[in-house]
Amino acid sequence: MMAAIKENARSGLIVAGRVMNEVISFLVFIILDILDFILCYTYKVIDFIIEAEWKPCYCSSIKEVITSSGSILVSERGESKIVCLTSSSKLHLEEISDTLYTRPSLMAEVSKLTVNELKRRKFDNAGVIQQSCERLKNGSVRSTFTVNSTIVEMLQGKMGGQKSHDVTPRWSDCDCNTCNSWSSSCKDSLFVRVDGAKANFEEDVIFIHGFISSSAFWTETLFPNFSKAAKSKYRLFAVDLLGFGRSPKPSDSLYTTREHLEMIEKSVLEAHKVKSFHIVAHSLGCILALALAVKYPGSVKSLTLIAPPYFPTPKGEQATQHMMRRIAPRRVWPPIAFGASIACWYEHISRSVCLVICKNHRLWDFLTKLVTRNRIKTYLIEGFCCHTHNAAWHTLHNIICGTAGKIEGYLDMVRNKLKCEVTVFHGEDDELIPVECSYNVQSRIPRAHVKVVQKEDHITIVVRRQKSFARELEQIWNNST
């Protein structure tokens with residue numbers, strides 16, 4: 001009897017807690033909607049005063065945002081794509097996520113309606129680009145455009161002249177030597193930390209970090225804990241993704257999947273003549289790892305994914321929007337979900353967070369060392385702070401949300417075309433990416449081995465068990481060999 005009473009009381013408290021979370025979240029996010037609306041116009045004024053330029057944002061017009069970066073925007077069956085000039089008469093399309101400009105909220109709709117009505121006439125006479133679509137056997141669509149010579153000249157002038165990225169940091173971004181070391185270098189490549197065998201190496205391993213992180217996530221945890229035997233056999237590469245850590249942070253980039261992959265190819269595969277490799281990836285990096293594996297199916301020796309963000313899309317729902325709601329549920333609890341919601345739903349509030357945290361990361365690093373008396377390493381803080389808002393905003397939407405409709409295809413390709421071992425690790429207490437995501441991966445790749453680590457979360461699955469995880473990775477690599 002007492003046990004039943006306690007169980008009923010516990011269930012009642014859980015329901016009450018959920019209701020309270022829903023109510024408080026509803027009120028908090030209404031306030032945040034209004035605040036983001038106000039910050040939108042506040043930043044426009046500040047940008048104009050400091051940079052002498054009116055910077056567009058996704059609250060008003062997607063067309064204005066994309067074209068201001070030197071690209072051309074078109075729409076195809078409701079999808080937004082960027083036009084890249086590939087020849088004198090054909091254009092290549094690259095997809096961007098609709099979550100960049102479609103995030104339902106009351107103030108966002110008011111802002112769009114107001115600004116778009118004011119600017120409507122400006123685009124009435126912009127002209128029309130004719131499009132013809134050729135369906136492929138697998139159901140995908142390849143699009144080409146027929147354009148006249150005047151439009152071609154415009155595209156060549158607009159795109160052809162943008163071979164080098166804008167290296168000038170914005171006023172709200174950090175301008176320290178660490179964050180901008182890339183701007184003084186003639187090399188347009190990622191920052192890559194190379195460890196392990198220097199010569200006579202047998203195999204290569206590529207490590208890809210997650211969202212708002214850096215190569216230090218690997219080099220400060222796993223690299224020191226690999227055995228001497230492993231370091232004499234494997235050449236280890238840990239990259240700072242485009243826009244993060246010490247890698248380039250171009251302010252005119254849209255940080256699409258293609259851009260991230262091409263930079264990894266250029267900075268690791270081509271620069272170090274890597275022919276075959278193992279991949280270890282965490283969180284967002286898992287998506288890039290899958291895309292890389294699909295592009296080089298014969299080169300991947302093993303694939304290790306840590307907390308992969310894969311949420312199957314329910315029938316009738318849009319994949320990108322479903323992914324956004326799962327990783328950023330607009331809830332104040334748990335705190336990590338609240339932080340993800342701020343980063344994903346609010347362009348201007350998240351910019352304010354970057355202004356306070358990223359621009360002043362040296363101060364936070366100093367205070368952390370002061371408070372802890374320099375007793376802990378601050379590499380996680382450095383990884384969290386060393387990025388720009390533009391990089392974080394576009395990477396979050398174009399990689400995590402934008403590829404939601406492609407992940408199943410990636411997984412099916414790994415299942416059918418790759419013969420390598422696939423291992424998935426997940427922390428039992430991960431509140432950002434639930435354990436079900438790893439089992440979802442296994443449902444698409446039955447041979448994948450899933451290991452759920454008890455009492456570990458999204459970060460501590462690596463950070464708090466680096467020695468044992470290093471041994472596990474060595475075992476995976478040895479088995480695949």
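This briefing walks through a strand sheet, the helices lying across it, several salt bridges and one buried leucine. The structure is a predicted model, so please read every value below as computed from that model. At its heart for our purposes is an open, mixed sheet of 7 strands. The whole structure holds 21 salt bridges, and one of them joins two strands of the sheet, β10 and β7.

**The sheet**

- The strand order is β6-β8-β7-β9-β10-β11-β12, and the pairing is mixed.
- At the edges sit β6 (192–196) and β12 (449–453), each of which pairs on one side only.
- On average, neighbouring strands of this sheet are turned by 15° against each other, with direction ignored.
- For a closer look at one pairing, take β7 (residues 203–208) and β8 (residues 234–239), which run in the parallel sense and share 6 bridges.
- Within that pairing, Glu203 stands opposite Tyr234 in β8; Glu203 returns below as a salt-bridge partner.

**Helices across the sheet**

- Helix α8 (residues 257–270) lies across four strands, namely β6, β7, β8 and β9 (277–282).
- The direction of α8 is at about 150° to β7.
- Helix α17 (residues 436–444) lies across β11 (421–427) and β12, and β12 is one of the edge strands.
- Relative to β11, helix α17 runs at about 165°.

**A salt bridge between strands**

- Lys301 and Glu203 form a salt bridge in which the closest N and O atoms are 3.4 Å apart.
- Lys301 belongs to β10 (residues 300–306) and Glu203 to β7, so this pair ties together parts that are 98 residues apart in sequence.
- How accessible are the two partners, Lys301 and Glu203? Lys301 has a relative accessible area of 28% and is partly exposed, whereas Glu203 is buried at 5%.

**A salt bridge within a helix**

- Asp412 and Arg415 meet through their side chains in a salt bridge, at 3.1 Å from N to O.
- Both residues lie in helix α16 (residues 407–417), where they are 3 residues apart, or about one turn of the helix.
- Asp412, with a relative accessible area of 18%, counts as buried because the cut-off is under 20%.
- Its partner Arg415 is partly exposed, with 31% relative accessibility.

**Further salt bridges**

- Arg325 pairs with Glu317 in a salt bridge whose closest N and O atoms are 2.6 Å apart.
- Here Arg325 is partly exposed at a relative accessible area of 40%, and Glu317 is also partly exposed, at 37%.
- There is a salt-bridge network too, linking Asp47, Glu51, Arg170 and Arg351.

**Leu100 and its surroundings**

- Leu100 sits in the loop that connects β3 (91–95) and α3 (106–119).
- Is this loop residue, Leu100, buried or exposed? Leu100 counts as buried, with a relative accessibility of 0%.
- Which residues does Leu100 contact, leaving aside neighbours within four places in sequence? The contacts of Leu100 are Tyr58, Trp393, His394, His397 and Asn398.
- Leu100 and Glu347 are 247 residues apart along the chain, yet their C-alpha atoms are separated by 8.8 Å.

Technical notes
Residues are numbered from 1 along each chain as its sequence is written. This is a predicted model: local features need pLDDT of at least 70, side-chain atom pairs count only at pLDDT 80 or more; totals for chains, interfaces and linings use all residues. Side-chain values use heavy atoms; hydrogens and water are left out. Two strands pair if DSSP finds at least two bridges between them. Axes are lines fitted to C-alpha atoms, for helices over the stretch in contact, and angles run from 0 to 180 degrees between N-to-C directions. Contact means heavy atoms within 4.5 Å. A salt bridge is a side-chain nitrogen of Lys or Arg within 4 Å of a carboxyl oxygen of Asp or Glu. Buried means under 20% relative accessible area, exposed over 50%, partly exposed in between (1.4 Å probe, protein chains only).
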